[in-house]
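Subject: Handing over the structure

Hello,

I am passing on the structure that we talked about, and below it you will find my notes on what turned up in it. Please read them with the structure open beside you.

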Amino acid sequence: MASQGPFAEALAKYWKKPWVGRPEDDVVADLRAAGLQALLVAFDIECLTGAPPMSNTAVADIRDRHPDVFLGAWGAVDPLKGDAAIEEAERAAKADGVLGFHFHPIMGRFQVDDPKWRPLFACIRDLGLPVMIDVGTTGMGAGLPGGLGSVISHAHPMAVDRLAAQFPDLTVIASHPGYPWVDEMTAVALHKGNVFWELSGWAPKYFPPALKVDIRARLQDKIMFGTDHPSIPFDRLLREWDELGYSDDILHKVFHQNAERLLGL
């Protein structure tokens, strides 16, 4: 929570509940009770906010303390750190064993297709690791004057489209449904063979009708389940996925098979 800096207060208002840290063992117990295994996500917007990062080493350590629950950890680097971000990506891949790197363009105030970040994405590609990039609007800064200076167009799916075209050997996972650009994100996922899509952070009952169809049809090998914990309670999330009425074959792809194939889990 500390790594989110001034955005934590906005998230509490957005989700209408306290947005505070919880003991590690309690989070692990919740995952076990829900019958889930998870991937952790590091976070770093230090350049903009001065907030201490949730470091790559920290998530790797949590992963290693609970190997039955955490199958891996996404790393994070702040592109605004320039060469230091590239050096950290190389270090985290080799020393911490992160499975890839996550980027939050809205909070970081950048677009992933900006030419100035090409050396960083080239480094990650050369390491043989994927990237996960948030698309669509966010509760981070939502409802506050100026959104705390954040610009939601930084997370437009077309930035992912251009990045995937620039780096065809880089595996790109779009994170979240991408509202209000769900149709655009669908087009990107269909057009770019190296783009995949995880649907965390949005209650399944609110998925647009076209997306609900695509999950069981033309996107069934590209879609992945995610929680965005602690935004939505596990019991609600699992219940609403069940209520969508998909076959067991589709649910197995969405809940684990696609991620296992793509991430080598």
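Asp44, Glu46 and Lys81 are joined to one another in a network of salt bridges, and please keep in mind while you look at them that the model is a predicted one. In general, side chains of opposite charge can pair when their charged atoms come close. How many salt bridges does a search of the whole structure find? The search gives 15, and I will take you through some of the pairs in turn.

One of the pairs is made by arginine 236 and glutamate 240, whose side chains meet in a salt bridge with an N to O distance of 2.8 Å. Both residues belong to helix 11, which covers residues 234-243, and they sit four residues apart in it, which is about one turn of the helix. Is each of the two partners buried, partly exposed or exposed, and what decides it? Arginine 236 has a relative accessible area of 27% and is therefore partly exposed, because that class lies between the limits of 20% and 50%. Glutamate 240, with a relative accessible area of 4%, is buried, because buried means under 20%.

A second pair consists of arginine 63 and aspartate 64, whose side chains form a salt bridge at 2.8 Å, again taken from N to O. Arginine 63 has a relative accessible area of 13%, so this residue is buried. A third pair is that of aspartate 126 and arginine 125, where the side chains meet in a salt bridge at 3.0 Å, N to O. Here aspartate 126 counts as exposed because its relative accessibility is 60%, whereas arginine 125, at 30%, counts as partly exposed.

The next notes concern the backbone, and some background may help: most residues other than glycine have a negative phi, and most peptide bonds are trans. Which peptide bonds are listed here as cis? One is the bond from tyrosine 179 to proline 180, with omega near 5°, and another is the bond from histidine 229 to proline 230, with omega near 10°. Proline 180 is placed in the loop between strand 5 (172-175) and helix 9 (182-191), while proline 230 is placed in the loop between strand 7 (223-224) and helix 11.

The loop between strand 5 and helix 9 also holds histidine 176, a residue other than glycine whose phi is nevertheless positive, near 85°. Histidine 176 counts as buried, because its relative accessibility is 15%. Leucine 148 is not a glycine either, and yet it has a positive phi of about 60°. You will find leucine 148 in the loop between strand 4 (131-134) and helix 8 (157-166), and with a relative accessible area of 29% it is partly exposed.

Finally, please look at serine 3, which lies in the segment before helix 1 (7-15). Is serine 3 buried or exposed? Its relative accessibility is 8%, so serine 3 counts as buried. Leaving aside residues up to four places away in sequence, serine 3 touches Phe43, Ile45, Ala51, Pro52, Pro53 and Met54.

With best wishes

Note on methods. Residues numbered from 1 in each chain as written. Predicted model: local features only at pLDDT ≥ 70, side-chain atom pairs only at ≥ 80, totals over all residues. Heavy atoms only, no water. Helix = DSSP H or I, 4+ residues; strand = E, 2+ residues; numbered from the N terminus. Buried < 20%, exposed > 50% of the residue type's maximum accessible area, 1.4 Å probe, protein only. Contact = heavy atoms within 4.5 Å. Salt bridge = Lys/Arg side-chain N within 4 Å of Asp/Glu carboxyl O.
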